[in-house]
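Grab a pencil and work through these exercises with the model open beside you. Try each task before reading its solution.

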Amino acid sequence: MSQIKKEMMALIGACVSEGTKVLAPSEFNNEFKKIITAKFDIFNEDSEEKYDLIIEDTPTDYIRIYQKLNDKGIYITTAESLTDKALFENLSKVFYIVLPYYYIEDNKIHALVFASKKPHPTADIIRHRSDFVENAYYYHTDIHLASFVMPKHIFEEIKDVIKL
């Protein structure tokens, strides 16, 4: 997995989640250390815990994920494209907010999805985290905000299956 993808998955979620209890693959562990104003409790294997943030490279059982999150939990995963209607529609069945976002690498757009029980990825950004990210290659606060901006034709195509 690329450095850019790891940053955009870990830091987008960590800079919106009020909590610090994270379930993510071990390759993400160092990404959370880049935020100098917060310390995260990172779990690499599922336990009986409720989590503030869950990151999966590939989407799995969204209902189980929803149940593992606390009442303001956030789920980050990969989408096939910015118009992955099937994924967005499934996530919208349980999550309050479902929004695609993207990063650019090797002149290609790569799609991710932010799903949450309550927090909004741009309205609820925690600036005392996002403004204090050190040693990032790609991520910064303006990229965080801009990554959720979609061209009108894409928004029109997915507006019925996402949740703002």
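What follows is a set of exercises, from the whole chain down to single residues.

This is a predicted model, where local features need pLDDT of at least 70, side-chain atom pairs count only at pLDDT 80 or more, and totals for chains, interfaces and linings use all residues. Residues are numbered from 1 along each chain as its sequence is written, and side-chain values use heavy atoms, with hydrogens and water left out.

**Exercise 1. The overall build**

Work out how many helices and strands the chain has, and in what order they run.

Step one: count the elements, taking helices (H or I, at least four residues) and strands (E, at least two) as DSSP runs numbered from the N terminus. You should land on seven helices and six strands. Step two: read them off from the N terminus, which gives α-β-α-β-β-α-β-α-β-β-α-α-α. Step three: check the radius of gyration, taken over C-alpha atoms, against the globule rule, 2.2 Å times the number of residues to the power 0.38. The chain comes out at 14 Å, close to the 15 Å that the rule gives for 164 residues, so it is as compact as a globular protein of that length. Step four: box it up along the principal axes, and the C-alpha atoms fill roughly 40 × 35 × 30 Å.

**Exercise 2. Inside, outside and charge**

Find what share of the 164 residues is buried, and what the exposed surface is made of.

Start with the cut-offs: buried means under 20% relative accessible area, exposed over 50%, and partly exposed in between (1.4 Å probe, protein chains only). On that basis, 51% of the chain's 164 residues are buried. Next, the surface, by the Shrake-Rupley method with a 1.4 Å probe; for residues, only the protein chains shown count as cover. The chain exposes about 8200 Å², with carbon and sulfur atoms supplying 49% of it. Now the contacts (heavy atoms within 4.5 Å): among those between residues at least 6 apart in sequence, 58% join residues at least 24 apart. Last, tally the charges, with Lys and Arg as positive and Asp and Glu as negative, leaving out His and the chain ends. Place each charge at NZ of Lys, CZ of Arg, CG of Asp or CD of Glu. That gives 20 positive and 26 negative side chains, and the centres of the two sets lie 3 Å apart.

**Exercise 3. Helix α1 and Leu11**

Is α1 largely enclosed or open, and what does Leu11 touch?

First, the length: α1 covers residues 3-14, and its 12 residues reach 16 Å from first C-alpha to last, close to the expected 16 Å. The expected span is 1.5 Å times one less than the number of residues. Second, the burial: 11 of the 12 residues are buried, so α1 is largely enclosed by the rest of the structure. Among them are Lys5, Lys6 and Glu7, along with Met8 and Met9. Third, zoom in on Leu11, which lies in this helix and is buried at 0% relative accessibility. Skip its neighbours within four places in sequence, and Leu11 contacts Lys6, Glu31, Ile35, Val133 and Tyr139.

**Exercise 4. Two positive phi angles**

Where do Asp106 and Asn135 sit, and what are their phi values?

Keep the background in mind: most residues other than glycine have a negative phi. Asp106 has a positive phi near 55°, while Asn135 has one near 65°. Now place them: Asp106 is in the loop between β5 and β6 (108-116), and Asn135 is in the loop between α5 (127-130) and α6 (141-146). Both turn out exposed, Asp106 at a relative accessible area of 65% and Asn135 at 70%.

**Exercise 5. Loops and distances**

Decide whether Thr60 is buried, exposed or partly exposed, then see how far Val149 lies from Tyr101.

Begin with Thr60, in the loop between β3 (51-55) and α3 (62-68). Its relative accessible area is 45%, making Thr60 partly exposed. Not counting residues up to four places away in sequence, Thr60 touches Ile65 and Tyr75. Then move to Val149, in the loop between α6 and α7 (152-158). Val149 is exposed at 52%. From Val149 to Tyr101 there are 48 residues in sequence and 7.5 Å in space, C-alpha to C-alpha.
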